[in-house]
Amino acid sequence: MTENILVVKNLHKTYPGEIPLHVLKGVSFSIKEGEFVAIMGRSGSGKSTLLHQLSLLDNPDRGEIIVGNKELTALGEKEKTKYRLDSFGYVFQEYALLPEFTAIEAVSLPLILQHYPMKESRERARKMLELVQLGDRADHFPSEMSGGEQQRVAIARALINNPKILFADEPCANLDSETSRVILDLFRKLNKELNQTIIMVTHEPEEEEYVDRVIHMKDGILQ
Ligand code: ADP
Ligand code: MG
């Protein structure tokens with residue numbers, strides 16, 4: 001039987017303000033190791049907010065986030081940062097590539113920042129670029145690549161630390177439908193071949209066919 005890799009219990013998040021916005025109203029669910037799950041819901045329904053809490057980019061007001069046997073909500077800020085770098089990968093709608101770094105520099109940077117030797121970092125980065133079929137683009141800058149290629153560089157970068165969970169927030173929102181299919185096929189391949197657990201936020205119903213399971217977000221809870 002496959003184990004749960006992520007268990008979320010009764011997660012709440014309110015954005016403060018003159019009129020506080022209660023976005024997550026007791027979200028509970030679990031994800032199994034090796035699952036490819038889509039979180040769907042209308043714009044403004046709180047999908048990104050949920051992903052930010054799960055992936056430790058923000059702190060929920062209450063609730064539990066358990067990955068493996070570790071309760072992440074109990075960690076201090078320093079431990080959370082370390083956990084994020086060691087264990088999570090992120091892909092965003094905007095590829096978030098720095099213009100002055102080539103593809104191989106961008107992909108190796110997370111390892112270099114974690115003090116891996118330069119040579120090993122570049123070798124692993126090159127393998128990752130080959131995995132996303134960009135082996136021939138290693139020395140290209142973002143301005144020399146299409147949107148789909150830039151997103152594949154971002155995916156290679158997200159995978160370089162062998163993340164327990166890959167989080168993707170509307171990764172195809174800036175891409176045409178053909179390029180979106182390339183990216184979704186790549187996620188599917190990574191999921192199948194590497195048994196990579198993936199949690200992807202989307203509001204495109206046609207992306208459902210690529211994933212194992214869809215979780216719907218509405219009115220601050222999952223339905
Ligand atoms: P989705 O990703 O489903 O489109 P979001 O999680 O981005 O939705 O946003 C949910 C709600 O929270 C929206 O009403 C949005 O305006 C609001 N919101 C998002 N981020 C913040 C923030 N940092 N501060 C205040 N309100 C926010
Ligand atoms: Mg969003």
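Start with the largest cavity in this predicted model, which holds about 40 Å³ of space. It's a lone find, since the count of cavities of 30 Å³ or more comes to one. To see its walls, select Glu170, Pro171, Cys172 and Ala173, then add Thr202, His203, Glu204 and Glu207. Colour that selection by class and you'll get three nonpolar, two polar and three charged residues around the cavity.

Where does empty space show up in a structure at all? Rolling a probe the size of a water molecule over the atoms reveals where it is left.

Next, head for the largest pocket, with about 480 Å³ of space. Of the 20 residues that line this pocket, pick out the ones closest to its centre: Leu85, Tyr90, Pro110, Leu113 and Arg157. Now switch to a cartoon view and highlight α2 (77-87), β6 (88-91), α3 (103-113) and α5, the elements that each give two or more residues to the pocket lining. Which of these gives the largest share of the lining? That's α3, with four residues. Colour the pocket lining by class as well: 15 residues are nonpolar, three are polar and two are charged.

You already have α3 on screen, so stay with it and add α4, residues 118-131. The axes of α3 and α4 come within 8 Å and cross at roughly 125 degrees, which means that α3 is oblique to α4. Their crossing is right-handed. For the α3 side of the contact, show Ala103, Ile104, Glu105, Val107, Ser108, Leu111 and Ile112. For the α4 side, show Met118, Ser121, Arg122, Arg124, Ala125, Arg126, Met128 and Leu129. By class, this contact between α3 and α4 has nine nonpolar, two polar and four charged residues.

Keep α4 selected and bring in α5, residues 147-159. These two helices pack at an angle of about 130 degrees, with their axes 9 Å apart, so α4 is oblique to α5. Here too you're looking at a right-handed crossing. Zoom in on the side chains: Met128, Leu129 and Leu131 in α4 meet Val153, Ala156 and Leu159 in α5. What classes of residue make up this contact of α4 with α5? Six are nonpolar, with no polar and no charged residues. Met128 and Leu129 may look familiar, as they're also among the α4 residues that touch α3.

For the last stop, hide α4, hold on to α5 and select α6, residues 177-194. The angle between α5 and α6 is about 20 degrees, and their axes lie 10 Å apart. With angles under 35 degrees counted as roughly parallel, α5 and α6 are therefore roughly parallel to each other. The crossing of α5 past α6 is right-handed. On α5, show Gly148, Gln151, Arg152, Ile155 and Leu159 as sticks. Then do likewise on α6 for Thr179, Val182, Ile183, Leu186, Phe187 and Leu190, and you have the residues that make the contact. Split by class, the contact of α5 with α6 has seven nonpolar, three polar and one charged. Before you leave, click on Leu159 of α5: it is part of this contact with α6, and it also takes part in the contact with α4.

Notes: Residues are numbered from 1 along each chain as its sequence is written. Chains are lettered from A and ligands numbered from 1 in the order in which they are written. This is a predicted model: local features need pLDDT of at least 70, side-chain atom pairs count only at pLDDT 80 or more; totals for chains, interfaces and linings use all residues. Side-chain values use heavy atoms; hydrogens and water are left out. On a 1 Å grid over the protein atoms alone, a cavity is a set of points where a 1.4 Å probe fits but cannot get out, and a pocket is an open set with protein on both sides within 12 Å along at least five of seven lines; lining residues have an atom within 4 Å of a point. Grid points are joined across faces, edges and corners, and a volume is the space filled by probe spheres set on the points. Ala, Val, Leu, Ile, Met, Phe, Trp, Tyr, Cys and Pro count as nonpolar, Asp, Glu, Lys and Arg as charged, and the others, Gly among them, as polar. Axes are lines fitted to C-alpha atoms, for helices over the stretch in contact, and angles run from 0 to 180 degrees between N-to-C directions. Angles under 35 degrees count as roughly parallel, over 145 as roughly antiparallel, 65 to 115 as roughly perpendicular and the rest as oblique. A crossing is left-handed if the near helix is turned anticlockwise from the far one by less than a right angle, and right-handed if clockwise. Contact means heavy atoms within 4.5 Å.
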